[in-house]
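Reader: I've got a model open and a few labels I'd like justified. Can you walk me through them?

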Amino acid sequence: MILDVRTPAEYSSGHLDGAQLLDFNSGEFTSAIPTLDKDLEYLIYCRSGNRAGQAMKQLQDAGFTRVSNLGSFQQAAKTTGVEIVK
């Protein structure tokens, strides 16, 4: 599961195909943690990697073990090879 933790405006300007938007700054990400499946692998990205790092730590603190910070949007696209869509 690819998670985009940027704002809706950042997401609408382009995101990885299939990425789920969970805005970190608005608290949407934090409130969604109890609904996420701990058995899935989560790949997280944002604009620079900072919010993704904070989101990764929150998931790890909640008991998630398969979590990776892909860094920035551009790094995530390069690492995963997933198409960028608007």
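Reader: Why is S72 called buried?

Author: Keep in mind that this is a predicted model. The relative accessible area of S72 is 10%, and buried means under 20%, so S72 counts as buried.

Reader: Where is S72 found, and what is S72 in contact with?

Author: S72 is found in strand β5, residues 67–72. Leaving aside neighbours within four places in sequence, S72 is in contact with Y45, C46, R47, S48 and G49.

Reader: What makes Y42 and F64 an edge-to-face aromatic pair?

Author: A search of the whole structure turns up 3 aromatic pairs. In one of them, Y42 and F64 have ring centres 5.7 Å apart and planes at 75°. Pairing needs centres within 6.5 Å, and planes over 60 degrees apart count as edge-to-face, so both labels fit. The pair links distant parts of the chain, with Y42 in strand β4 and F64 in the loop between α3 and β5, 22 residues apart. Both Y42 and F64 are buried.

Reader: How do you know that R6 lies over the face of F73?

Author: R6 is placed over that face at 4.5 Å from the ring centre, and the distance cut-off is within 6 Å.

Reader: What puts the buried residues of α3 on the same side?

Author: The residues in question are R51, A52, A55 and L59. They cover an arc of only 100° around the axis, so they sit on the same side of α3. The buried residues of α3 pack against α1, α2, β4 and β5.

Methods. Residues numbered from 1 in each chain as written. Predicted model: local features only at pLDDT ≥ 70, side-chain atom pairs only at ≥ 80, totals over all residues. Heavy atoms only, no water. Helix = DSSP H or I, 4+ residues; strand = E, 2+ residues; numbered from the N terminus. Buried < 20%, exposed > 50% of the residue type's maximum accessible area, 1.4 Å probe, protein only. Contact = heavy atoms within 4.5 Å. Phe/Tyr/Trp six-rings, centres within 6.5 Å; stacked < 30°, edge-to-face > 60°. Lys NZ or Arg CZ within 6 Å of the ring centre and 35° of its normal. Arc of directions from axis to C-beta.
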